[in-house]
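Here is an informal walk through a two-chain model, for a reader who has the structure open alongside. We begin in one sheet and work outwards from there.

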Amino acid sequence: MSNRIFYATAGLGAKRRGHALVAKDGFSARYDLDRVRGIFSRPGHKLAGESYIGRVLVLDAAKGGVATAWMLHEMKARGVVPEALVLNAVNPIMVQGAALADFTMISGFDCDITAAIPNGAFVEVDPTCERPFIRIV
Amino acid sequence: MRLTDEEEAMRAGNLGPALRWAIEHQTCVGRYFGARDFVQVSQAHLMADTESLGVAGVEWLEHMANLPPEHRRVRIPTITDPRGTDFAAAHRLKHEPWMLDLERRAIVAFEALGVVMTDTCINYQTIMPPVRGEHVAYGDTGVVIYSNSVCGARSNFEGGPSALSAGLTGRTPRYGYHLDERRRATLVVNVAWTPREFNEWGALGGIVGRLAGDYWQVPVVVGIDRVPGSDEMKHFGAALASYGSVALFHMAGITPEAQRPDDVVDPGTGTPTFQVGEADICAFQRSYTQAVEKVDVVVFSAPQLSLIEMRLVADLLDGRHATIPLLVVTSPQVKPDADRMGFTARIEAAGGMVLSGMCFYQSYAREMAEANGWKRLATNSAKLTNIIGGYGYTPALLSMEACIEAACADGRITP
């Protein structure tokens, strides 16, 4: 499994490393997170109760409303923030939020990335290459 | 991306730092989605409540607002989504002074940028509805989906930073729902039962949103047997956008781009097709009601209420009295009419609280819950039921009438 590499169609931000927090579920900073405590708070979310601080979140699709465009910036300013975000499918809000916050995010794979990356794996996310990727190290 | 001479000048900083930041931000987003160029937009709508902005976001806005006036003003009409409080009622909601201070700072900054503080998520009902084919940069999912689908306008979800960028530059990257090819249906939903109440329209929106699953899906709904009104479309679209992150739907025979399903469905492509009936809509609502026998607060919000909804609430409260908090949230444009026509007075005489210019979930909902002891909430907004769980509430999705009944019966929900 180690050193397996998965290429994304697009990415933003700087290279990051961390332990993956993986679920086949969506992501919205407004809908899903307690941003003060740094945990997933929406009941029913597959990561409910889990801390996201410093983790590489590997999730299915961007969900919800437009607030994440500001919230990633606010979360990063307080340091209560994931290390990076890896999604099968993004919406414009995630990209706009990542662009404002200079936050690391990649998306778009030829497989279901939530099935490919084991929960807890130590991974590297590199959006700076011509072909952005996530790699199990 | 291909840039015009003016856009190159913006990027070079010749038109000031605000425009340089804005065009770089937009170029970054446009490249992510493969946009070839920019498209001119005529209006922007900006979501920026301070619960989302935080101190960091307000300071960022203040930095922009401190630039010289000739470098910081928006160049197209740029209006705002609801704010994080109603200053006239903040004490009744137990909003803290620091929240109000942050809101005031954000408002001062926005005004310095030339933003018009409309504070509404129903601008398509009250301010200046876009027309078919008009390219806009709107920043509230309910606003975008209504404008795209019902009006035939063209917008992506534009979060606060991008909507502000569009206000400054007068353009947005040309991708997504600005393009003809993205507006084709990707799934067909055959509906065997037409909703009657707003909560049922919201439930249908929630079901279709879950079927759609992500931003790039465009459902066409077939089988609706009458033309829904604007408030019904509002609840349907808001829930669809919330549950599915969907920005555009078609309704066969009703919305402007889909007079027939064939207008938006490519023949022979095997477009996925789903069936939804009354039982599905009832089951969706039961999933939000069966665990709740009694609520602490009743909320009509998300989206803000139209004048007609305000009248409905006032009518249902006549001769009654709310015995638990009953919050009725509308826009600053509707509120004066509701005052003038006596709806506000009737609602407040019956124990309700009319709020203006805010939206419940955008107004420090977690802090309000803690300050007021609110845990269980009844609403007729499917959108609100989807959002508010993350803020620690247990929501019940009921009709407007059943919400009023609960409000007047110490919160007990009639089975």
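## Starting from one bridge

B:Val328 has B:Val354, in strand 11 of chain B, as its bridge partner. Keep in mind throughout that this is a predicted model. The two strands behind that bridge are strand 10 (residues 326-330) and strand 11 of chain B, which pair in the parallel sense over 4 bridges.

Zoom out and you find an open sheet of 5 strands in chain B, ordered 11-10-9-12-13 and with parallel pairing. At its edges stand strand 11 (353-356) and strand 13 (394-397) of chain B; each has a single partner strand, so one side of each is left without a neighbour in the sheet. On average, neighbouring strands of this sheet are turned by 25 degrees against each other, direction ignored.

Now for strand 9 of chain B. Is strand 9 mostly covered or mostly uncovered? It's mostly covered, with 9 of its 9 residues buried. On one hand, strand 9 of chain B runs parallel to strand 10 of chain B, and 4 bridges join them; B:Leu305 has its bridge partner, B:Thr330, in strand 10. On the other, 3 bridges join strand 9 of chain B to strand 12 (residues 376-379) of chain B, again running parallel. There, B:Val299 has B:Thr379 of strand 12 as its bridge partner.

Just before this strand comes a loop, between helix 12 (278-286) and strand 9 (297-305) of chain B, and B:Gln290 sits in it. Why does B:Gln290 count as exposed? It has 10 other C-beta atoms within 10 Å, and a residue is called exposed if that number is 12 or fewer. B:Gln290 and B:Val208 are 82 residues apart along the chain, and 22 Å separate their C-alpha atoms.

## The other parallel sheet

Chain B also has an open sheet of 4 strands, in the order 7-6-5-8 and with parallel pairing. Here the edges belong to strand 7 (250-251) and strand 8 (273-276) of chain B, each with a single partner strand, so one side of each has no neighbour in the sheet. Strand 5 (residues 187-191) and strand 6 (residues 219-222) of chain B pair in the parallel sense over 4 bridges. For B:Asn190, the bridge partner in strand 6 of chain B is B:Val222. Lying across strand 5, strand 6 and strand 8 of chain B is helix 10 of chain B, which runs at about 150 degrees to strand 5.

Here are the strand pairs side by side:

| Strand pair (chain B) | Sense | Bridges |
|---|---|---|
| Strand 10 and strand 11 | parallel | 4 bridges |
| Strand 9 and strand 10 | parallel | 4 bridges |
| Strand 9 and strand 12 | parallel | 3 bridges |
| Strand 5 and strand 6 | parallel | 4 bridges |

## Domains of chain B

The domain assignment splits chain B into domain 1 (5-179), domain 2 (184-285) and domain 3 (289-407). Taken over C-alpha atoms, the centres of domain 2 and domain 3 of chain B are 26 Å apart. How many residues of each are in contact? It's 15 residues of domain 2 of chain B and 16 residues of domain 3 of chain B.

On the domain 2 side of that contact, helix 10 (198-212) and helix 11 (230-244) of chain B each supply at least two residues. Helix 11 of chain B has the largest share there, 7 residues. By class, the domain 2 side that touches domain 3 of chain B has 5 nonpolar, 7 polar and 3 charged residues.

## Chain A, and where the chains meet

Chain A has 4 helices and 10 strands, running β-β-β-α-β-β-β-α-β-α-β-α-β-β from the N terminus on. Its C-alpha trace spans about 35 × 25 × 25 Å along the principal axes. The radius of gyration of chain A is 13 Å, which agrees with the value near 14 Å for a compact globule with 137 residues. Of the 137 residues of chain A, 60% count as buried. Take the contacts in chain A between residues at least 6 apart in sequence: 75% of them join residues at least 24 apart.

The contact between the chains takes 31 residues from chain A and 32 residues from chain B. On the chain B side, the elements giving two or more residues are helix 2 (17-32), helix 3 (50-65), helix 9 (160-169) and helix 17 (382-388). Helix 3 of chain B gives the most, with 5 residues. The side of chain B that touches chain A has 12 nonpolar, 18 polar and 2 charged residues.

Definitions and conventions: Residues are numbered from 1 along each chain as its sequence is written. Chains are lettered from A and ligands numbered from 1 in the order in which they are written. This is a predicted model: local features need pLDDT of at least 70, side-chain atom pairs count only at pLDDT 80 or more; totals for chains, interfaces and linings use all residues. Two residues are in contact if their C-beta atoms, placed from the backbone, lie within 7 Å. Ala, Val, Leu, Ile, Met, Phe, Trp, Tyr, Cys and Pro count as nonpolar, Asp, Glu, Lys and Arg as charged, and the others, Gly among them, as polar. Domain bounds come from an automatic or database domain assignment. Two strands pair if DSSP finds at least two bridges between them. Axes are lines fitted to C-alpha atoms, for helices over the stretch in contact, and angles run from 0 to 180 degrees between N-to-C directions. The radius of gyration is taken over C-alpha atoms; the globule rule is 2.2 Å times the number of residues to the power 0.38. A residue is buried if 20 or more other C-beta atoms lie within 10 Å of its own, exposed if 12 or fewer, and partly exposed in between; C-beta atoms are placed from the backbone.
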